Amino acid sequence: MKPLRIALTKGRLEKDTVGLFEEMKLDCTAVRDKGRKLILPVGNGEIEAVLAKAADVITYVEHGVCDLGVVGKDTILEHGTGFYEILDLGFGKCKFALAGPKDKDFFSGYTAKTIATKYPNVARTYFEAKGMDVRIIKIEGSVELAPLLGLSDAIVDIVETGSTLKANGLEVIDDVAPISARLIANTASLKLRKREIEQLIDQMEEAQKRLQNQKDKEKIK
Ligand code: PRP
């Protein structure tokens, strides 16, 4: 049987997914000792992990070269939905927020505001829902710079601890959407390999619950 191929977002989500796999008693030695290799066996070879950038996880799953993927809701909201989103994995939690300079009333005045963001689709959807006409400028990273340099009135960006905003004299104006890691599946794979995928999802959910219980216990201590 061909292994189930799962694309993992490199970095933190990859590490959290490996933690989940290990809780499922799957051998992750190859992924842990990967070196520069990008396709690695998990367990007894029943799963193959593919390490990719977030947006590429979606591309590989949409095109069916990977059956499953682990990707943040941020990337899903920005890059569309030509796949099934099947499980909230509960890790990689943060949020999309509208943020701007402290003590400035963003919603006052009548001139169209300028928004800098790495996520133009997310920003557009948010302001359309508010019926606000804004100018959106795409920035590739460290978006907090844009209002500091006078390029934009505010930003739509990911906020996790809030320390980047704070260190740069910015604050959250409004929450846009919660974010966490999601398991996604190719639509054809979900039909053709239904049993295997459903079994994996069940095991993932159980492992996720056990990890959450452990975390809750640690909090009480
Ligand atoms: C993300 C995000 C913020 C920061 C938020 O950036 O865009 O800048 O993390 O985290 P915090 O609320 O815990 O401070 P990332 O480090 O991924 O890099 P980037 O800005 O280059 O996208």
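These legends describe close-up views of a predicted model with its ligand.

**View 1. The ligand in its pocket.** The ligand occupies the largest pocket. Around the ligand stand K118, G141, S142, E144, D157, I158, V159, E160, T161, G162, S163 and T164. By class, six of these shell residues are polar, four are charged and two are nonpolar.

**View 2. Polar side chains at the ligand.** Three side chains, those of K118, E144 and T161, place polar atoms by ligand oxygens. For K118, a polar side-chain atom lies 2.7 Å from a ligand oxygen. For E144, a side-chain N or O atom is 2.6 Å from an oxygen atom of the ligand. For T161, the corresponding distance from a side-chain N or O atom to a ligand oxygen is 2.5 Å. Taken alone, the ligand exposes 490 Å², and the protein buries 66% of that area.

**View 3. Strand 9 and helix 7 beside the ligand.** Strand 9 spans residues 154-159, and helix 7 spans 163-167. Each of these two elements supplies at least two residues of the shell around the ligand. Strand 9 gives the largest share, three residues.

**View 4. The salt bridge between R12 and E160.** R12 pairs with E160 in a salt bridge. Their closest N and O atoms are 2.8 Å apart. R12 belongs to helix 1 (residues 12-23), while E160 lies in the loop between strand 9 and helix 7. The pair therefore links distant parts of the chain, 148 residues apart. E160 is also one of the residues around the ligand. Side chains of opposite charge can pair when their charged atoms come close. In total, the structure holds 15 salt bridges.

Technical notes. Residues are numbered from 1 along each chain as its sequence is written. This is a predicted model: local features need pLDDT of at least 70, side-chain atom pairs count only at pLDDT 80 or more; totals for chains, interfaces and linings use all residues. Side-chain values use heavy atoms; hydrogens and water are left out. A residue is near a molecule or strand if one of its heavy atoms lies within 4 Å of it. A polar contact is a pair of N or O atoms within 3.5 Å; within protein, one must be able to donate a hydrogen and the other to accept it, and residues adjacent in sequence count only if both atoms are side-chain atoms. Accessible areas come from the Shrake-Rupley method with a 1.4 Å probe; for residues, only the protein chains shown count as cover. On a 1 Å grid over the protein atoms alone, a cavity is a set of points where a 1.4 Å probe fits but cannot get out, and a pocket is an open set with protein on both sides within 12 Å along at least five of seven lines; lining residues have an atom within 4 Å of a point. A molecule sits in a cavity or pocket if more than half of its atoms lie within 2 Å of its grid points. Helices (H or I, at least four residues) and strands (E, at least two) are DSSP runs, numbered from the N terminus. Ala, Val, Leu, Ile, Met, Phe, Trp, Tyr, Cys and Pro count as nonpolar, Asp, Glu, Lys and Arg as charged, and the others, Gly among them, as polar. A salt bridge is a side-chain nitrogen of Lys or Arg within 4 Å of a carboxyl oxygen of Asp or Glu.
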